[in-house]
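The following exercises train the reading of a protein model. Please study the sequence and the structure before attempting them.

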Amino acid sequence: MNRIELFNDHFQNFKVYQIPKAQLIIADPPYNLGVNAYASNPAWYKDGDNKNGESELAGKEFFDTDKNFKPAEFMHFCSQMLVKEPRESGKAPCMIIFCAFEQLHYYIELGDRYGFKHYIPLVFRKKFSAQVLKANMKIVGNCEYGLLLYREKLPKFNNDGQMIFNCFDWPIDNSTPKVHPTQKPVPLLERLVGIFTDNNDVVIDPCAGSGSTLLAAANLHRRAYGFEIKKDFYKAAKERVLRFIQPQLFQ
Ligand SMILES: C[S@@+](CC[C@H](N)C(=O)[O-])C[C@H]1O[C@@H](n2cnc3c(N)ncnc32)[C@H](O)[C@@H]1O
């Protein structure tokens, strides 16, 4: 049986739950975009067309927890909740953080302060762009960014003898129900979980949103723990995660 748990709480309260330390932390913290969350996105306008006037998403945040995120507390959590570096090589833990391009240097420096001395930048290439407004006047973004952070030793690395580039394709995920505005594709998360963990290793997502990381980890028979403060996201995620663990309840 997979061990998967999602808590409707701030990750800062993690000590109460006594969860095991992780081989891998995957986090997609709020980007602090504030009321510009849908800027350059056609969703700003009704039916994606500015001739129709602004939609209900114009000037809105993705979610109201976006602006209160505390990156230092998050990095403290990661430094506490990743397993210690083992003596052997090839088994060290690591963390992956999805972030805006502008946040990369900030997180590299913050990571360094919390003992994550090394990093590898990650790029996720989409076959589409959400920034199609004025697309005929400027270059539009089709990439998401992230960082792999680790302490001293190179992290566990399941590569089947193949080179792994730091630019990953961003798969379209049509099979997972969409319950969160910034939901990550489960196949991408499975790819990352598969590279940096083995069966039964622990994966933690402190900002779980839709529970996509937990679902990816469960699909690969890892143990997984997550935190999500918004009740609605938590409920939607819980149903998805529960549906995976106890499908008979939903037949
Ligand atoms: C960018 S979203 C994550 C989306 C997720 N990766 C997915 O695929 O669905 C960040 C989430 O972190 C949650 N959050 C923000 N601060 C938090 C905190 N202190 N503890 C737990 N969750 C938090 C937000 O409510 C939001 O749902």
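Five exercises follow, each with a worked solution. The model is predicted: local features need pLDDT of at least 70, side-chain atom pairs count only at pLDDT 80 or more, and totals for chains, interfaces and linings use all residues. Residues are numbered from 1 along each chain as its sequence is written.

**Exercise 1. The chain as a whole**

Task: State how many helices and strands the chain has, and in which pattern they follow one another.

Solution. Step 1: Helices (H or I, at least four residues) and strands (E, at least two) are DSSP runs, numbered from the N terminus. Step 2: On this basis the chain has five helices and eight strands. Step 3: Along the sequence they form the pattern β-β-α-β-α-β-β-β-α-β-α-β-α. Step 4: A residue is buried if 20 or more other C-beta atoms lie within 10 Å of its own, exposed if 12 or fewer, and partly exposed in between, with C-beta atoms placed from the backbone. Of the 251 residues in the chain, 32% are buried. Step 5: Two residues are in contact if their C-beta atoms, placed from the backbone, lie within 7 Å. Among contacts between residues at least 6 apart in sequence, 72% join residues at least 24 apart.

**Exercise 2. The buried faces of two helices**

Task: Determine which residues of α1 and of α3 are buried, and where they lie on each helix.

Solution. Step 1: In α1 (residues 71–81) the buried residues are F74, M75, F77, C78 and M81. Step 2: Seen down the axis of α1, these residues fall within an arc of 155°, so they line one face of the helix. The arc is that of the directions from the helix axis to the C-beta atoms. An α-helix has 3.6 residues a turn, so residues three or four places apart point the same way. Step 3: The face of α1 turned away from the buried side carries the exposed residues A72, E73 and Q80. Step 4: The buried residues of α1 pack against β2, β3, α2 (104–113) and β7.

Step 5: In α3 the buried residues are V186, L189, E190, L192, V193 and F196. Step 6: Down the axis of α3 they span an arc of 165°, so they too line one face of their helix. Step 7: Their cover includes β2 (24–27), β3 (94–99), β7 and α4.

**Exercise 3. One residue of α3 and one of β5**

Task: Decide whether V186 and Y145 are buried, exposed or partly exposed, and list the contacts of each beyond four places in sequence.

Solution. Step 1: V186 is found in helix α3. Because 24 other C-beta atoms lie within 10 Å, V186 is buried. Step 2: Leaving aside neighbours within four places in sequence, V186 is in contact with D173, T176, S212, L215 and A216. Step 3: V186 and T213 are 27 residues apart in sequence, and their C-alpha atoms are 6.9 Å apart in space.

Step 4: Y145 belongs to strand β5 (residues 143–150). With 18 other C-beta atoms within 10 Å, Y145 is partly exposed. Step 5: With the neighbours within four places again left aside, Y145 is in contact with C99, A100, F101, L104, L122 and V123. Step 6: The C-alpha atoms of Y145 and C167 are separated by 9.3 Å, although these residues are 22 apart along the chain.

**Exercise 4. Two packed helices**

Task: Describe how α4 and α5 are placed relative to each other.

Solution. Step 1: Two packed helices are described by the angle between their axes and the distance between the axes. Axes are lines fitted to C-alpha atoms, for helices over the stretch in contact, and angles run from 0 to 180 degrees between N-to-C directions. Step 2: The axes of α4 and α5 (residues 231–245) come within 9 Å and cross at roughly 10°. Step 3: The two helices are therefore roughly parallel, a term for angles under 35 degrees. Step 4: The contact is made by L214, L215 and A218 of α4 and R240, V241, F244 and I245 of α5. Step 5: By class, these are six nonpolar, no polar and one charged residues. Ala, Val, Leu, Ile, Met, Phe, Trp, Tyr, Cys and Pro count as nonpolar, Asp, Glu, Lys and Arg as charged, and the others, Gly among them, as polar.

**Exercise 5. Positive phi in two loops**

Task: Locate N200 and H221 and state the phi of each.

Solution. Step 1: N200 lies in the loop between α3 (186–196) and β7 (202–205). Its phi is positive, about 75°, although N200 is not a glycine. Step 2: N200 is exposed, with 11 other C-beta atoms within 10 Å. Step 3: H221 is in the loop between α4 (212–219) and β8 (223–227). Phi of H221, likewise not a glycine, is positive and near 65°. Step 4: H221 is exposed, with 12 other C-beta atoms within 10 Å.

Note on methods:
Angles under 35 degrees count as roughly parallel, over 145 as roughly antiparallel, 65 to 115 as roughly perpendicular and the rest as oblique.
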